[in-house]
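Visitor: Could you take me closely through one turn of this chain, and then work outward from there to whatever surrounds it? I would like a careful account rather than a quick one.

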Amino acid sequence: MKKILAVVVLCIMAIGTGYAQKGEMTAGLQFQVGAGSGLANPGLGTKFSYSITDPWRLAASVDYDFKVKRTSVWDINVDCHYQFFFGKGFRVYPLLGITVVGYHTTPPKDVQRAFEAAGQKAHSVNTTCVGMNIGGGFQYDINDAWGVYTEVKGQCVSNHGSRFVWSVGGCYKF
């Protein structure tokens, strides 16, 4: 009886470990263009992702979009991907997540000069918004260590309108 119980327990453990996959982690750099609210800012960012299971992956990114029309933009994102694998090294995924977007706007030069003439300082305006990401992307694994990807997503944020973000980047898998 003890032998049968031991065999059953070992079989259950073997089945359980057969479905538990080692999580793939990637870290990379990306170039992006964010457009919305009359702005189209190019920027750079960094991204880290961790595959919980084969199809499910969590991705965190931090991006900074350069100043255009006196406004620079930064964002912090946490997205969930559900990956569909096609062939060797190609995957497509929808994404859904949360975002925190910050806008930094400096006043126009003529307003700054008018304030300085009056002996005062014109202050910049900072706005931070929380919202939701929805979109998709695809990744191509060049080899066992390197991959390239592109994503498109809409950032639906409160108080400042929504924006569209397209990014392309490379990642190292470890």
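Guide: Arg70 lies in the loop between S3 and S4, and this is where I would begin, with the reminder that what we are looking at is a predicted model. The backbone of Arg70 has a positive phi of about 65°, although Arg70 is not a glycine. As for its surroundings, Arg70 is partly exposed, since its relative accessible area is 37%, a value that falls between the 20% limit for buried and the 50% limit for exposed.

Lys69 also has its place in the loop between S3 and S4. For Lys69, too, the phi is positive, at about 50°, and Lys69 is likewise not a glycine. With a relative accessible area of 59%, Lys69 is exposed, because the term applies to values over 50%.

The two strands on either side of this turn form a hairpin, with 2 residues between S3 and S4. S3 and strand S4, the latter covering residues 71-82, run antiparallel and are joined by 11 bridges. One pairing that can be followed by eye is that of Asp65, whose bridge partner in S4 is Val73.

A residue of S3 that repays a closer look is Val62, which lies in that strand. How far apart are the C-alpha atoms of Val62 and Asp75? They are separated by 5.8 Å, while along the chain the two residues are 13 residues apart. Leaving out residues up to four places away in sequence, Val62 touches Leu44, Gly45, Thr46, Asp75 and Ile76. Of these neighbours, Asp75 and Ile76 have numbers that fall within S4, residues 71-82, whereas Leu44, Gly45 and Thr46 have numbers that fall within S2, residues 39-51. Even with these contacts, Val62 counts as partly exposed, at 46% relative accessibility. As general background, the side chains of a regular strand alternate between the two faces of the sheet.

On its other side in sequence, S3 (residues 56-68) is joined to strand S2 (residues 39-51) by 9 bridges, and these two strands run antiparallel. S2 and S3 form a hairpin as well, with 4 residues between them. Within this pair, Ser49 has Ala59 in S3 as its bridge partner.

Moving further along the chain, we come to helix H2, residues 109-117, which is hardly covered, the count of buried residues among its 9 residues being 0. After H2 comes Gly119, whose phi is positive, near 80°.

Beyond that helix, S7 and strand S8 (residues 146-157) run antiparallel and are joined by 11 bridges. They form a hairpin with 4 residues between them, and the bridge partner of Gly137 in S8 is Glu151. S8 is joined in turn to strand S9 (residues 163-173) by 10 bridges, again in an antiparallel arrangement, with Tyr149 standing opposite Gly169 in S9.

S7 also has a part in the largest pocket, to whose lining strand S6 (90-105) and strand S7 (125-141) each supply at least two residues. The space in this pocket amounts to about 310 Å³. Its lining consists of 21 residues, and those that lie nearest the centre are Glu24, Phe85, Arg91, Asp141 and Lys173. By type, the lining divides into 5 nonpolar, 8 polar and 8 charged residues.

Stepping back to the whole chain, the secondary structure comes to 2 helices and 9 strands, and, read along the sequence, these follow the pattern α-β-β-β-β-β-β-α-β-β-β. Of the 174 residues in the chain, 33% are buried. Among the contacts between residues at least 6 apart in sequence, 55% join residues at least 24 apart. The chain exposes about 10400 Å², of which carbon and sulfur atoms supply 71%.

To return to the turn you asked about, its two loop residues, Lys69 and Arg70, have a positive phi without being glycines, and they sit in a hairpin between S3 and S4.

Technical notes: Residues numbered from 1 in each chain as written. Predicted model: local features only at pLDDT ≥ 70, side-chain atom pairs only at ≥ 80, totals over all residues. Heavy atoms only, no water. 1 Å grid on protein atoms, 1.4 Å probe; cavity = no way out; pocket = protein on both sides within 12 Å on 5 of 7 lines; lining within 4 Å. Points joined across faces, edges and corners; volume = space filled by probe spheres on them. Nonpolar A, V, L, I, M, F, W, Y, C, P; charged D, E, K, R; others polar. Pairing = 2+ DSSP bridges. Buried < 20%, exposed > 50% of the residue type's maximum accessible area, 1.4 Å probe, protein only. Contact = heavy atoms within 4.5 Å. Areas by Shrake-Rupley, 256 points an atom, 1.4 Å probe, with all protein chains shown as cover.
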